[in-house]
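Visitor: I would like a close look at one part of this protein: its salt bridges and the residues around them. Could you take me through them slowly?

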Amino acid sequence: PLTERTQVDFVLSRGVFSVSDNGVLVSQSGGTVLADRELLWYERDGKNPKPVGAAPALYAQIDISPKEDRLAAGIFDLNAGSPDIWIYDIARNVPLRLTFDPDFDASPIWSPDGSRIVWRSNRKGRYDIYQKVSSGAGNDEVLLESEENKEATSWSSDGEFIAYTNSAVRGTTQNDIWILPISGERKPVPFLQTGANETSAQ
């Protein structure tokens, strides 16, 4: 080992270090970045926030349900080095673990009726899009798999389409925006492809 206890930023999936051209290693020591996050629910008047979820924890990507009564979050297991999707009942602060796979499960998105959640997972070596009913019943279902990395960013209000970011593995484009129909053959179509990065479609 060149150095030990190098700080890790799980949100960006990288160690906090760099090496100069002449071989000098610079690193930040100590634990994880942003490992002690706390979720707080504020009313519109900004007063008396109440904690939601387990604290401290390393939360990533959070999405609030359409009825605003639950939230879905990717929570990192620092021992496993990967996150899972958890759902919290905001009023009762009751947790429900949605995914149990040892790989990377993150970026949850609610369906417009609140019955399902989609997320990205790298169970097959790249990020594919999965879904499951929000009650936690049943098995995880693959919605879309391909050779590219994908991340769902929004679900249309009629429930028919999901917008997602597609990271090309070859060619001249970078991150592009695609649309995935939920019914029928579920054949995705490109929405915006340029030489620049397009992300976070809503």
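Guide: A salt bridge is a side-chain nitrogen of Lys or Arg within 4 Å of a carboxyl oxygen of Asp or Glu. By this rule the structure holds 12 salt bridges.

First, some ground rules. This is a predicted model, where local features need pLDDT of at least 70, side-chain atom pairs count only at pLDDT 80 or more, and totals for chains, interfaces and linings use all residues. Residues are numbered from 1 along each chain as its sequence is written, and side-chain values use heavy atoms, leaving out hydrogens and water.

The score pLDDT is the predictor's confidence in each residue, from 0 to 100. The protein chain has a mean of 88, and 91% of its residues reach 70 or more. Confidence is lowest in strand β1 (residues 8-9), at a mean of 72. It is highest in β13, at 98. Strands are DSSP runs of E, at least two residues each, numbered from the N terminus.

Start with R92 and D89. The closest N and O atoms of this salt bridge are 3.3 Å apart. How do the two ends sit, buried or exposed? Buried means under 20% relative accessible area, exposed over 50%, and partly exposed in between, with a 1.4 Å probe and protein chains only. R92 has 60%, so R92 is exposed. D89 has 19%, so D89 counts as buried.

Next come R97 and D84. Their side chains meet in a salt bridge of 2.7 Å, N to O. This pair links distant parts of the chain: R97 is in strand β10 (residues 94-97), D84 is in strand β9 (residues 82-89), and they are 13 residues apart. R97 is partly exposed because its relative accessibility is 30%. D84 is buried, at 6%.

Now look at K150 and D128. Their side chains form a salt bridge of 2.8 Å, N to O. Again, distant parts of the chain are linked: K150 belongs to strand β15 (residues 149-155), D128 to strand β13, with their positions 22 residues apart. K150 is buried, because its relative accessible area is 2%. D128 has 0%, so D128 is buried too. Elsewhere, salt bridges that share partners join D101, D105, R123, K132 and D140 into one network.

Stay with K132, a member of that network. K132 is in strand β13, which covers residues 128-133. Its relative accessibility is 8%, so K132 is buried. The side chain of K132 also reaches the backbone oxygen of L98, at 2.9 Å. That is a polar contact: a pair of N or O atoms within 3.5 Å, where within protein one must be able to donate a hydrogen and the other to accept it, and residues adjacent in sequence count only if both atoms are side-chain atoms. What else is K132 in contact with, leaving aside its neighbours within four places in sequence? Contact means heavy atoms within 4.5 Å. The list includes L98, S115, R116, I117 and W119. A137, G138, N139 and D140 are on it as well.

Go back to strand β15, where K150 sits. A152 is in strand β15 too. A152 is buried, because its relative accessibility is 4%. Beyond its neighbours within four places in sequence, A152 contacts S107, I109, V118, I129, I162, A163 and Y164. W178 is 26 residues away from A152 in sequence, and their C-alpha atoms are 9.4 Å apart.

One of those partners, S107, is worth a stop. S107 lies in strand β11 (residues 105-110). At 3% relative accessibility, S107 is buried. The side chains of S107 and E151 share a polar contact of 2.8 Å. Outside its neighbours within four places in sequence, S107 contacts Q61, I85, V118, W119, R120, E151 and A152.

Finally, visit T194, in the segment after β18 (189-192). T194 is partly exposed, at 30% relative accessibility. Its side chain makes a polar contact of 2.3 Å with the side chain of E198. A polar atom of the T194 side chain also lies 3.0 Å from the backbone nitrogen of A196. Q174 is 20 residues from T194 in sequence, yet the two are 7.6 Å apart in space, C-alpha to C-alpha.

Key:
Helices (H or I, at least four residues) and strands (E, at least two) are DSSP runs, numbered from the N terminus.
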